[in-house]
Amino acid sequence: MDDGLGLVSRLSELVNEISELPECGNVCNKMPGNLVRRIILLRPMFEELKDVNEELSEEAAEGFELLRIALESAMEHMRTVNDGSKVYQSLHRDSIAAEFHQITEQVEEALSKIPYKKLDLSEEVQEQVLLNSVYQRCRCSVYDNLGLVSQLLELVKTISGLAECRNVCKRMHGNLVRRIKLLSPMFEELKDGSEELVEEAAIGFDLLRTALDSALKHLRTVNEGSKVYQALYQDNIAAEFHQITEQIGTALSKIPYNKLDLSEEVLEQIELVHAQFRRATARPDSPDVQLEHDLAIAQRERDPDPAILKRLSEKLQLKTIEDLKKESIAFHELVISSEGDPDDWFGKISSLFRKLKDFVQVENPEDAVAPKADKEFLKHRSPVIPDDFRCPISLELMKDPVIVSTGQTYERSCIQKWLDAGHKTCPKTQQTLLHTALTPNYVLKSLISLWCESNGVELPPKQKLGSSTVSDCDQTTIAALLEKLANGNPEQQRAAAGELRLLAKRNADNRVCIAEAGAIPLLVELLSFPDARTQEHAVTALLNLSINDANKGMIVNAGAIPDIVDVLKNGSMEARENAAATLFSLSVVDENKVAIGAAGAIPALINLLCEGSPRGKKDAATAIFNLSIYQGNKARAVRAGIVPPLMRLLKDAGCGMVDEALAILAVLASHQEGKVAIGLADPIPALMEVIRTGSPRNRENAAAVMWSLCTGGDLQQLRVAKELAAEEALKELAESGTDRAKRKAGSLLELLQRVDPAA
């Protein structure tokens, strides 16, 4: 209690000291001025808390401790700026601004950790502090403002430069791009000015940036995605367009245009754009009735009227062999990247696409744009491929059919990609796979060969991968992929990284060959690539390569650790999870534990432990456990707040993470800071529950944690254990537990016998 009140008093003093700093009189004067003004807004909170004689919760104390560190950094930096050389600051204002930016981020992060609802604060003070947190998040220094405006202008230019949409979403896509393009003059004018944005404007622009990011992502997905999927699920696509339009309209309404340095012409144009977004939100695009009618018939009938298929082919812009190839790739990507397992849409899309594909091939036997191989194929009057010969994922003729545990057959490369993406089910039946072994379907392969021979279809030879040694063909393939990684355009780099990811997963020889060919430094460069899919492929390729012990050293020597940590912090969920697994793999080498901990991986792993998928949480927990074996990382994990999420996982048996949580707690409990943090989390009831009902290994770890907490004279933990009738459970453990559990249980029983419950 005294510590909590002391912390509040110290924070109050810091705010007062910062507010009394002399006004900065050099080129940096706006930056400290902004920061001081926002910090002063915190004063009412500490004044109210000082008057309340109430102990802070552990969560609040952690947030306030982070805030204390941030405010002390702020005061030190502002004093340096006030007292330092004005000439130096004029020459290095970007680096000084960067430090203000970092401190502002620190303050904002600390404010986000404080549970205001649990504090005894008036509503007025709560609102003021929460608003201040938003201001901090917008990071409103003049340089940051100009950066924000530049980002918005860049986003508008990128969206304006997107290729024209050629599918059923053409009108929605075009409308959104056209409206966003009209925002460009505002950002052009603001960029040319040097005036600082007011905080209200910065908040509005920050909301707009988020909305435009969502717009760009959705527009790209629509451009590059499966046209058949978008036709069948146009309501979902339209709903997302509507949501983004609404988001942009809301952001535009938050911007105080009268406080911006804008010409009348630009103000009028922005007012017009804002009105367009409001109207678009109120009046969504109407559905294409003819398209819906044709789709319904095409799905329902086995052999739809060619006139209907012709209309669909034109509406969906699937008119040539090349169009069909691109759609097949897009559909394949959709299946592989789908969150969870495909539902009924898989069958709908594959069935409709098959009908459209057969129609287009029959209608265009001499397609002028088809490559030579396709012309040879079509020369034989485009025989209709039997459904059983097509891979259910790619819908292409199978070259290397394999059987999965459910009995379904797929093209080897397609189902391998599905499995590599982390799926545990059969794409066609949705049944859980009992194992991931792939059995060659020799009977079907023979039938396909006979059919190809009788119909004059040449089946391309299967590329041999995964042999005991790397073939010349594979080495040639790897060399070609590395050339694309080094010198290709972004699309080629993404595809090459994806292929290397699969090759590295396949066998040990490939991993050696890929590394020796020089792929690792090129993959490390792609970790900072802005495209999320490229980043995912790169980090997963490194994960697969790191299975080889020699490659671990090459990955670390290539400077990969900081970039992998950055992916862990900022990447997509799949990239973050694979980054965690990569760090675990690298941390097997003891010296890497130190480097990974020093690079800031542990807080990011804790975030993944809290918000990842079940697989991601396990990857994060495994990495944290391995890193925490090194003594210095135990303190890092405790200070980063690992104990509360571990206690939540320990108490939630349904989450499937009790084993991991206990293993990490047992490691941390051997460190003094870890012992203190665990002791503050009321751990004894949860530990006793595990000792009574857990698995042998978990009972052992629970006893080890409890023993660490109770040794050293901590009578409070012993009293709690005694109140919970711990002796009976510990006696049973001392008789039937593992050897280590028996020793810990015996020691705990001796300690409990000395405790006077009435004391």
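1. Helix α20, spanning residues 412–420, lies across β1, β2 and β3, and its direction makes an angle of about 95° with that of β2. This arrangement, like everything else in this note, belongs to a predicted model, and the remarks below should be taken in that light.

2. The sheet beneath this description is an open one of 3 strands, arranged in the order β2-β1-β3 with antiparallel pairing. Its edges are formed by β2 (409–411) and β3 (439–440), each of which pairs on one side only. Between β1 (residues 401–403) and β2, which run antiparallel, there are 3 bridges, and within this pairing P401 is found opposite E411 of β2. As general background, strands of a sheet pair through backbone hydrogen bonds, in either a parallel or an antiparallel manner.

3. A salt bridge is formed by the side chains of R412 and D400, with an N to O distance of 2.7 Å. R412 belongs to helix α20 whereas D400 sits in the loop between α19 (372–378) and β1, so the contact ties together parts that are 12 residues apart in sequence. The two partners may be considered separately as regards accessibility: R412 has a relative accessibility of 29% and counts as partly exposed, while D400, with a relative accessible area of 7%, is buried because it falls under the 20% cut-off.

4. The R412 and D400 pair belongs to a wider set, since a search of the whole structure finds 24 salt bridges. Another of them joins E72 to R10, whose closest N and O atoms are 3.4 Å apart; this pair links distant parts of the chain, with E72 in helix α4 (residues 58–83) and R10 in helix α1 (residues 2–19), 62 residues apart. Both side chains are partly exposed, E72 with a relative accessible area of 26% and R10 at 25% relative accessibility.

5. A further salt bridge connects D531 with R494, the closest N and O atoms here being 3.6 Å apart. This pair, too, links distant parts of the chain, 37 residues apart: D531 is in the loop between α25 (519–526) and α26 (532–545), and R494 is in helix α23 (residues 490–506). D531 counts as partly exposed at 25% relative accessibility, and R494 is likewise partly exposed, with a relative accessible area of 24%. Elsewhere, salt bridges with shared partners join R10, E13, E17, E65, R68 and E72 into one network.

6. R179 deserves a separate entry. Its place is in helix α9 (residues 170–181), and at 13% relative accessibility R179 counts as buried, because the value is under 20%. Leaving aside residues up to four places away in sequence, R179 touches V273, Q276, F277 and A280.

7. On confidence, the protein averages a pLDDT of 80, and 83% of the residues score at least 70. Residues 134–144, however, have a pLDDT below 50, although this stretch has 36 contacts in the model beyond near neighbours in sequence. Residues 366–382 also have a pLDDT below 50, with 24 contacts in the model beyond near neighbours in sequence. Where pLDDT is low, the predicted coordinates should not be read in detail, and I would ask that any account of these two stretches carry that reservation.

How values were computed:
Residues numbered from 1 in each chain as written. Heavy atoms only, no water. Pairing = 2+ DSSP bridges. Helix = DSSP H or I, 4+ residues; strand = E, 2+ residues; numbered from the N terminus. Contact = heavy atoms within 4.5 Å. Axes fitted to C-alpha atoms, helices over the stretch in contact; angles between N-to-C directions. Buried < 20%, exposed > 50% of the residue type's maximum accessible area, 1.4 Å probe, protein only. Salt bridge = Lys/Arg side-chain N within 4 Å of Asp/Glu carboxyl O. pLDDT = per-residue confidence, 0-100.
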